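This report covers charged contacts, a buried acidic residue and a nonpolar surface region in one protein chain. The sequence and the structure come next.

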Amino acid sequence: GCYTSPTFAQVNWLYFLSINGYMLADVAADALVVERSAFETYEALGLLRTEAYVIRSAGGIIGAILGGILYNKSDWGWGLTIGQLCI
């Protein structure tokens with residue numbers, strides 16, 4: 001079809017935007033967790049922040065693994081191209 005692979009500059013720009021969006025969402029999520037943790041009881045102190053960081057880390061690990069597995073079209077014959085991963 002009319003699909004063309006992105007240039008190196010386009011891929012870098014997409015990653016830049018993606019990372020900035022992640023950082024903005026991360027700061028907002030941290031602020032919400034810190035505000036909400038003010039209402040924790042003494043027995044549960046720190047539990048909310050711990051759970052939030054564990055879930056965030058697990059999501060990052062799963063995303064990295066899936067990205068590594070899916071970005072293999074040229075080597076294994078199946079998967080996604082870099083342009084499709086950036087969508």
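The structure holds two salt bridges, in a model that is predicted. The table lists both pairs with the separation of their closest N and O atoms.

| Acidic residue | Basic residue | Closest N and O atoms |
|---|---|---|
| D26 | R56 | 2.9 Å |
| D30 | R56 | 2.6 Å |

D30 lies in helix α1 and R56 in helix α2, 26 residues apart, so this pair links distant parts of the chain. Through the shared partner, D26, D30 and R56 are joined into one network. In the other pair of the table, D26 and R56 have their closest N and O atoms 2.9 Å apart. Because D26 belongs to helix α1 and R56 to helix α2, that salt bridge ties together parts 30 residues apart in sequence.

The three members of the network can also be described by accessibility. D26 is buried, at a relative accessible area of 18%. The cut-off for a buried residue is under 20%, and D30, at 22%, is therefore classed as partly exposed. R56 is partly exposed as well, with a relative accessible area of 28%.

Which side chain of opposite charge is nearest to the buried E40, and how far away is it? It is R49, at 5.9 Å, and E40 has no salt bridge. The cut-off for a salt bridge is 4 Å between a side-chain nitrogen of Lys or Arg and a carboxyl oxygen of Asp or Glu, so the 5.9 Å separation of E40 and R49 does not qualify.

E40 is placed in the loop between α1 (8-37) and α2 (47-70). A polar atom of its side chain lies 3.0 Å from the backbone nitrogen of G46. Apart from neighbours within four places in sequence, E40 is in contact with L45, G46, L47 and L48.

S37 is part of helix α1. This residue is buried, with a relative accessible area of 13%. With neighbours within four places in sequence set aside, S37 is in contact with L48 and R49.

A nonpolar surface patch of about 990 Å² is made by I61, I62, I65, L66, I69, L70, Y71, W76, W78 and L85. Helix α2 provides the largest share of this patch, six residues. L66 is one of the residues of the patch and is found in helix α2. The relative accessible area of L66 is 44%, which makes this residue partly exposed.

Note on methods
Residues are numbered from 1 along each chain as its sequence is written. This is a predicted model: local features need pLDDT of at least 70, side-chain atom pairs count only at pLDDT 80 or more; totals for chains, interfaces and linings use all residues. Side-chain values use heavy atoms; hydrogens and water are left out. Helices (H or I, at least four residues) and strands (E, at least two) are DSSP runs, numbered from the N terminus. Buried means under 20% relative accessible area, exposed over 50%, partly exposed in between (1.4 Å probe, protein chains only). Lys and Arg count as positive and Asp and Glu as negative; His and the chain ends are not counted. A polar contact is a pair of N or O atoms within 3.5 Å; within protein, one must be able to donate a hydrogen and the other to accept it, and residues adjacent in sequence count only if both atoms are side-chain atoms. Contact means heavy atoms within 4.5 Å. Patches are made of residues with over 30% relative accessible area and no salt bridge: like charges are joined within 9 Å, nonpolar side chains (Val, Leu, Ile, Met, Phe, Trp, Tyr) within 5 Å. Accessible areas come from the Shrake-Rupley method with a 1.4 Å probe; for residues, only the protein chains shown count as cover.
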